[in-house]
Amino acid sequence: MDTLVDLGNGFASALQPASLAFALLGVLLGTVVGVLPGIGPISAIAILIPVSFGMEPVHGLILLCGIYYGSMYGGSITATLIKTPGEVASAVTAIEGYEMARRGRAKAALATAAIGSFLAGTLAIIGLTFLSPLLVQLANVFGATEYFLLMATALLLASTMSAGSRVKALISIFIGLAVGLIGLDFQTGLPRQTFGISLLSDGIDFTIFAMALFAIPEAIRNLALGRGAKEEIQSFGSEKWMTKEDWQRSAGPWARGSVLGFIIGVLPGVGPSLASFMSYIMEKRISKRKDEFGKGAIEGVAGPEAANNAGVGGAMVPLFSLGIPGSATTALLLFVFTMYGLQPGPLIFRDDSGLIWTIIASMYVGNVALIILNLPLVGVFVKLLKMPKEILFSAILVLVVIGAYAIEFSFFGLMLLGVFGVIGYLMEKGGIPLAPSILALVLVPLLEDNFRRMLQISGGSFLPLITRPVSLAIIILMVAGIVGPFVFRWWVRRRKLLADVSVG
C-alpha cells in the first residue's frame with residue numbers, strides 16, 4: 001500500500017507542466033538519437049550532461065532517462081528500414097525487420113516494434129516499482145562464474161541465430177571474437193592484435209563494426225543492381241498495418257521478451273543488448289515457423305524489441321536499489337545522480353523519496369508518450385523507402401560515414417568502416433551470417449573479464465563451475481539446450497519408423 005501511495009505522489013509531480021515537458025523532450029530526443037547511427041544513448045547523455053547542470057535535479061534526471069529508453073525504440077526504425085542499427089540493442093532487429101521491409105511489410109515491422117516497446121517498457125516499470133528488492137537479491141546470487149557461463153551459453157546458442165550451415169555460423173562467431181580482442185589487455189595493459197598500429201589500442205568500436213557489417217554490404221548490393229531493382233524499393237510499405245495473424249504471432253514474443261529482457265537487464269553489467277539477442281535466439285528455437293527466420297519473421301522483431309526496452313527498466317533496478325549500474329548508460333546516469341549530490345541505493349527511497357518516485361512515474365508517462373509519438377509516424381517513416389534506390393542507398397552510405405566519423409572524429413574510424421564493410425560484403429557473398437559476429441563482439445569483454453575473475457577468486461581452479469548451485473544449473477541447461485534437439489529429432493524419427501512398421 002505504501003508503494004502505491006508513493007507512486008501516486010510521484011505521478012502528482014511527474015504530471016506537472018515542467019516535468020511533463022522534460023519527459024516528452026527526453027523521449028523525442030531519444031528517438032532521434034536512436035535513428036542516427038553512431039551516436040547512441042551514451043553519447044547523447046554525455047553531450048547533454050553540461051546542459052543539465054542548471055536544471056532542477058528531478059528535471060535533469062527525467063530528461064536523461066527519457067533519452068535512454070526513447071533511443072531503444074528509435075534504433076529500430078533505421079534497423080528496419082535501411083538495415084542500419086541506430087544503437088547496439090537494435091542490431092538484431094535488422095535481421096528480420098529489414099527482410100519484412102523488403103517484402104512490403106515495413107509498417108507491420110515498425111508497428112510491432114512500437115507496440116512491443118510500449119508493452120515491455122510498461123511491464124518493466126511495473127517490475128521496477130514492485131519487484132526491485134526481490135530481483136536485486138536474485139542478481140546478487142550471480143558471481144563471476146555464473147556470468148561467465150551465461151555469456152558462454154549465449155555464444156553457443158548464437159550459431160542458431162541464422163539459417164544455414166552451423167560451421168559458417170561458428171566462423172562468424174570467431175570473426176567477432178577476433179575483432180573483440182583487438183586493443184590493450186585490460187589487466188596487463190599489453191597490446192593484443194594491434195599489428196603495431198597504436199590507433200588500435202582502444203579496440204574496435206561496436207557501432208563502426210555493426211554499421212560496416214550491416215549497412216555497407218546492403219548498400220553496395222543494391223547500388224550494384226542498377227535500375228533493375230527500382231520496382232522492389234518502390235514496393236516497400238505497400239501493405240497495411242498489422243493483420244490479425246500478426247497480432248497473434250507477436251503476442252507471445254512480446255510477453256516472453258518482456259520477462260527475459262527485464263531479468264537480464266537486472267544483472268549488473270549486462271544491459272539490454274544481450275537481452276535482444278537472447279530473445280531472438282529463444283524465439284527462433286521455439287517457433288513452429290523456423291523456416292521463416294531470416295526471411296522476415298515478425299517474431300524476430302517483436303521479441304527483441306520488447307526485450308531491449310524491458311532491459312532498460314531492468315537496468316534501473318540495481319541502479320536505484322543498490323547504486324550499481326546495470327549497463328554503460330546507467331553508469332553515466334549514476335554519475336549524474338552524484339553530480340546532483342544524490343547517492344542511489346536503499347537510502348535514496350528514504351531520504352529522497354519524492355524525487356525517485358517522480359522519476360519512476362515519469363517513466364510511465366514517457367512510455368505512453370513514445371507510443372503516441374511514434375505509432376502515427378510509422379507511415380511517414382515508411383515513405384522514406386519510396387525514394388529512388390540510387391538516392392536512398394547513397395544517403396545511407398553518407399549517413400554511415402558521418403556517424404562513423406562522429407564517434408571519435410577520426411579518419412581512422414572511416415578506414416575501419418571501409419575494411420569491415422569489405423569483410424561484411426565478402427561474408428555475405430560466402431553465405432556467412434553476420435549476426436553471430438555482432439553478438440560475439442558484444443560478449444567478448446564480459447566473457448573474458450568474468451573468466452579471469454573466476455580463476456582469480458578460485459586460485460586457478462575450475463571447480464566453481466560445478467560446486468556453485470546456480471552455475472551447475474546453468475551448465476545442465478546448456479547441455480540440455482545443445483543435446484535436447486538432437487534427442488528430440490531422434491525420438492521423432494524413431495516414432496515415425498515404428499508407426500511405418502506397424503502400418504506395413
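**View 1. E299, a buried partner in a salt bridge****.** With a relative accessibility of 6%, E299 counts as buried (that label means under 20% relative accessible area; exposed means over 50% and partly exposed is in between, using a 1.4 Å probe and protein chains only). This is a predicted model, where local features need pLDDT of at least 70 and side-chain atom pairs count only at pLDDT 80 or more, while totals for chains, interfaces and linings use all residues. Residues are numbered from 1 along each chain as its sequence is written, and side-chain values use heavy atoms, leaving out hydrogens and water. The side chain of E299 meets that of R289 in a salt bridge, 3.7 Å from N to O (a side-chain nitrogen of Lys or Arg within 4 Å of a carboxyl oxygen of Asp or Glu). E299 sits in helix 14 (residues 299-322) and R289 in the loop between helix 13 (272-286) and helix 14, so the two are 10 residues apart (helices are DSSP runs of H or I, at least four residues, and strands are runs of E, at least two, both numbered from the N terminus). R289 itself is partly exposed, at 30% relative accessible area.

**View 2. The wider network around E299 and R289****.** Zoom out a little and salt bridges link E245, R249, R289, E292 and E299 in a network. Over the whole structure, a search turns up 15 salt bridges.

**View 3. D185 with two arginines****.** D185 is buried, at 7% relative accessibility. One salt bridge joins the side chains of D185 and R192, at 3.4 Å from N to O. Another joins D185 to R452, with the closest N and O atoms 2.6 Å apart. R452 belongs to helix 21 (residues 435-458) and D185 to the loop between strand 1 (183-184) and strand 2 (191-192), so this pair ties together parts that are 267 residues apart in sequence. R452 counts as partly exposed, at 21% relative accessibility.

**View 4. Helix 19 passing helix 20****.** The axes of helix 19 (residues 389-408) and helix 20 (residues 411-429) come within 8 Å and cross at roughly 130° (axes are lines fitted to C-alpha atoms over the stretch in contact, and angles run from 0 to 180 degrees between N-to-C directions). The two helices are therefore oblique to each other (under 35 degrees is roughly parallel, over 145 roughly antiparallel, 65 to 115 roughly perpendicular, and the rest oblique). V400, V401, A404 and Y405 of helix 19 make the contact with F411, L414 and L417 of helix 20 (heavy atoms within 4.5 Å).

How values were computed: A crossing is left-handed if the near helix is turned anticlockwise from the far one by less than a right angle, and right-handed if clockwise.
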